[in-house]
Amino acid sequence: MSRKKNRNKKQQFAALPMPVSTQGRSAMFIGPPELVLTSGTDYHEIQYDDTWNTWTLPIDRLALANLVNASPQHDGVMYARRNMVTSDYQRGGLTRSQLDAGMFDYLVFGDLAILKVRNAWGAVVALCPLPSLYLRRRKTGEFVVLQKGEPLVYPPDDIIFISQYDPQQQIYGLPDYIGGVNSALLNAEATVFRRRYYHNGAHLGGILYTSDPNLSEETEKLIRKKIESAKGLGNFRNMYINVPGGDKDGVKFIPVGDISAKDEFANIKNISGQDVLTAHRFPAGLAGIIPQNTAGLGDPEKARATYRQDEVLPVQRKFAEAIAADREVPERFYLMFAAPALST
C-alpha cells in the first residue's frame, strides 16, 4: 500500500467520532455533526458522456429543482416571476397550463425545449414543452429526454430551444439567479438549525465535565445513559468527560451550542433574503417584505410597472419571437400576450 493510501486511511479514521478512555479518565462524543443541506449547484465544465451519449450539465438540475423549495424568498419569487410573465397570455400553440410549466422550467433551469408535434405528412399540428429537468443534448444536435428505459430522442428540426445565455458554454442555458444560490441555502440552513435547536429544547449542546474522584463506575454509566437518551440527539454534538481529581468543582456543564449568547439569526435571515431578491432583481415591495424603517418600500404600483418593463416584457418577447421565427410553425400557434410582446 502506498504512503498516500496510508495517509488517506489515517485521515478517514481520524475524522470519526470515537470514545476515548484511559485509566481513571474517560471521554465520549455523542451525536456526530449532521449536514443540513448541500448545494449541488457548483458550476462544472461540461464534457461529453460517452456512456449516456449526451453532454453533461454545468449545474445539477435536481439541485436547482430542490432549491426552489429551500428558501421562502426564492420560492415566492420564482412563482411570482412565472405568474407575472404568463398572466397576459391570450392564445397560441400552448395551453395556459403548458405555458405555466414551460415558463417555470425556463426560469428554474435556464432553458426550455418546445417540441413541434407533426402529423403523418410532417406538418406541425401542436406544440409541447419538454421537461427541462431531464433534458440533455447530443453532439449530433439531437435532444434527449431521460426516462426509465430507453430515452426519448428528438431531431433538432423538431425542437424550438429557448435558453438563457451562458458565456462559458452554449449547449445548455444557465438560470439568471445563480449568484443568489448560496444566500438561498444559507437562509434555509439558518431556519432549519433554529427549528432543530428549539426541538432539541436546549437540554444539551456542550460538554458535561465531572472530576469527583469518588464518582463510581455505576454512576458514570448512568450519566452516559442519560446523555445518550436526551432529546435532539444528532442536532448537537455533546461530550462527556470524567477526570478524577481534576477541577475543584465536582460537576459542571460547559455550554457550547448556546444560541442565546449571540443570536445572529435575524441578521442572517434578513441579509440572505435580500441577496435572493437582488439575484432575481425582484422589488422587495412586491415580495411581501416588511419594511424595517418608516420610509417603507416605496409605491408597489411603480415597482411593478418598472419590473414589468425591465423583466416581464423581455421574457414574453423572447418566447413569442422564438415561436414566430420558426417557419414550420403556423401563425395560429404564435404566442400572443396582452402587452405588445412581439412587434409586427
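The following exchange looks at the cavities and nonpolar cores of a predicted model.

User: How were residues numbered and chosen here?

Analyst: Residues are numbered from 1 along each chain as its sequence is written. In this predicted model local features need pLDDT of at least 70 and side-chain atom pairs count only at pLDDT 80 or more, while totals for chains, interfaces and linings use all residues, and side-chain values use heavy atoms, with hydrogens and water left out.

User: What makes a space in this structure a cavity?

Analyst: On a 1 Å grid over the protein atoms alone, a cavity is a set of points where a 1.4 Å probe fits but cannot get out. Four cavities of 30 Å³ or more are present, and the largest has a volume of about 50 Å³, a volume being the space filled by probe spheres set on the points, which are joined across faces, edges and corners.

User: Why are Arg81 and Tyr307 called lining residues of the largest cavity?

Analyst: Lining residues have an atom within 4 Å of a point, and Arg81 and Tyr307 are among those that line the largest cavity, as are Val85 and Glu311.

User: What makes the set of 43 residues a nonpolar core?

Analyst: A nonpolar core is a set of buried (under 20% relative accessible area, 1.4 Å probe, protein chains only) Ala, Val, Leu, Ile, Met, Phe, Trp, Tyr and Cys residues joined through side-chain atoms within 4.5 Å. The largest such core has 43 residues, and Met103, Tyr106 and Phe319 are among those with the most contacts inside it. Apart from it lies another core, of eight residues, including Leu115 and Phe143.

Methods
On a 1 Å grid over the protein atoms alone, a cavity is a set of points where a 1.4 Å probe fits but cannot get out, and a pocket is an open set with protein on both sides within 12 Å along at least five of seven lines; lining residues have an atom within 4 Å of a point. Buried means under 20% relative accessible area, exposed over 50%, partly exposed in between (1.4 Å probe, protein chains only).
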